[in-house]
Amino acid sequence: MAARNTVSMQDIADELGVSKVTVSKALNGKDGVGEALKGKIFQCAQKHGYILPDYGQRKAKKVGIIMSNRFNSGDSGKFYMGMYERIITELRKVSCSSIMITPNKESLQGDLETIEKKGIFDGLILLGILEREVREAFDAIPLPKVYVDVYDATHKSDSVVTENIYSTYELTDYLIQKGHSDIGFVGTIGATTSITDRYLGYARGMLERGMVPRREYMIPDRDKEGTAIELELPEKLPTAFVCNCDETAFRLVKALKVRGVQVPEDISVVSFDNDIYAELCEPQLTTVAVNIEEIGKVAAKRMVRYMEKPQKKCGEVYRIPGKIIYRNSVKELNK
């Protein structure tokens, strides 16, 4: 068998500075080797064209990544495509292949038939919001699943999300520290779990300072299907707005300018995501940067764990903290 390989297990062990036993365990799919090291061993073996012994051939895992087609292009898609790229990069490190599937109501039946064929996929990652009918159909598929940037409503699979509540609380508190007391919220509460969580963080920040969120300052930004709607501004405006995402904030700033209101001179604006809209906006937005790299790492790690041990209990929620990026969209009122 050794003659068939251009490199031996000992060669791989020497190159990586580990023992031959460690290499053998990794290549034969046995416990006792960390995922990161296992990925390095497989990468080294593949690089040198190493052929696994027949008794130890490790079946490569294949992951289906399910994402709405509306996140596959355009400016709004860059955020999710960035997350997708990070996830597949992490999966490759542990020799897992992946295929993106973008189902809709029309393609749903065919997509389900493909996914449910025995042996095609070992696990599914659901990335972002899906149409309700599509989401419910995928929830029912009996494969290991990890939900990313959305909660698993069934509570049977792991969810990896940005920490929304405390981050938006910090944004709101930042505005209050700058002297703002009339603060509105832009986002359709209940449209997504992320928007609802971000509203809760905003509301907590207001209530802890003895301020009550005013209904007239709550502005919906989308319909129940997630399609953007026109922002209807109240006649009397607050001094600041917390927006649920950068795209909505970008649209808000444009709507305010049409009305002759300048940001931050007349109204301050903060938001969430730190995507392309945060920098395209004039002025550039103070926003919470989502840690896409860490979300990708955690999602891939949980997916691999449950594919290898599908009997393991799951249903945990992993909340990945973001970081506030301070820019020029907030005015100091305390001076």
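**A walk through the predicted model**

Okay, let's start with one residue: Thr248 sits in helix α9, which covers residues 246-258. Keep in mind that we're looking at a predicted model here.

So is Thr248 buried or exposed? It counts as buried, because its relative accessibility is 2% and the cut-off for buried is under 20%. And what does Thr248 touch, if we skip residues up to four places away in sequence? Its contacts are Val186, Asp221, Arg222, Leu231 and Cys243.

Now let's zoom out. The protein has 11 helices and 12 strands. Its C-alpha trace spans about 80 × 45 × 35 Å along the principal axes. Of the 335 residues, 49% are buried. The accessible surface is about 16,500 Å², and carbon and sulfur atoms account for 49% of that. If you take contacts between residues at least 6 apart in sequence, 68% of them join residues at least 24 apart. On charges, there are 48 positive and 47 negative ones, and their mean positions lie 6 Å apart.

Next stop, strand β5, residues 158-162. This strand is largely enclosed by the rest of the structure, because 5 of its 5 residues are buried. Here's a bit of background: in a regular strand, side chains alternate between the two faces of the sheet. In β5, both faces are covered. Asp158, Val160 and Thr162 are buried on one side, while Ser159 and Val161 are buried on the other.

Which strands pair with β5? One of them is β4, residues 145-148, which runs parallel to β5 and is joined to it by 3 bridges. There, Val146 stands opposite Asp158 of β5. Another is β11, residues 317-320, also paired in the parallel sense, over 4 bridges. In that pairing, Ser159 has Val317 of β11 as its bridge partner.

Last one: helix α5, residues 108-115. Which of its residues are buried? Leu108, Asp111, Leu112 and Ile115 are. They sit on the same side of α5, because they cover an arc of only 100° around the axis. And what do those buried residues pack against? They meet three strands and a helix: β1 (62-67), β2 (97-101), β3 (123-127) and α6 (132-139).

To recap, we've seen a buried threonine in α9, a strand covered on both faces, and a helix with its buried residues on the same side. That's my tour, over to you.

Note on methods: Residues numbered from 1 in each chain as written. Predicted model: local features only at pLDDT ≥ 70, side-chain atom pairs only at ≥ 80, totals over all residues. Heavy atoms only, no water. Helix = DSSP H or I, 4+ residues; strand = E, 2+ residues; numbered from the N terminus. Buried < 20%, exposed > 50% of the residue type's maximum accessible area, 1.4 Å probe, protein only. Contact = heavy atoms within 4.5 Å. Areas by Shrake-Rupley, 256 points an atom, 1.4 Å probe, with all protein chains shown as cover. Lys, Arg positive; Asp, Glu negative; His and termini not counted. Charge placed at Lys NZ, Arg CZ, Asp CG, Glu CD. Arc of directions from axis to C-beta. Pairing = 2+ DSSP bridges.
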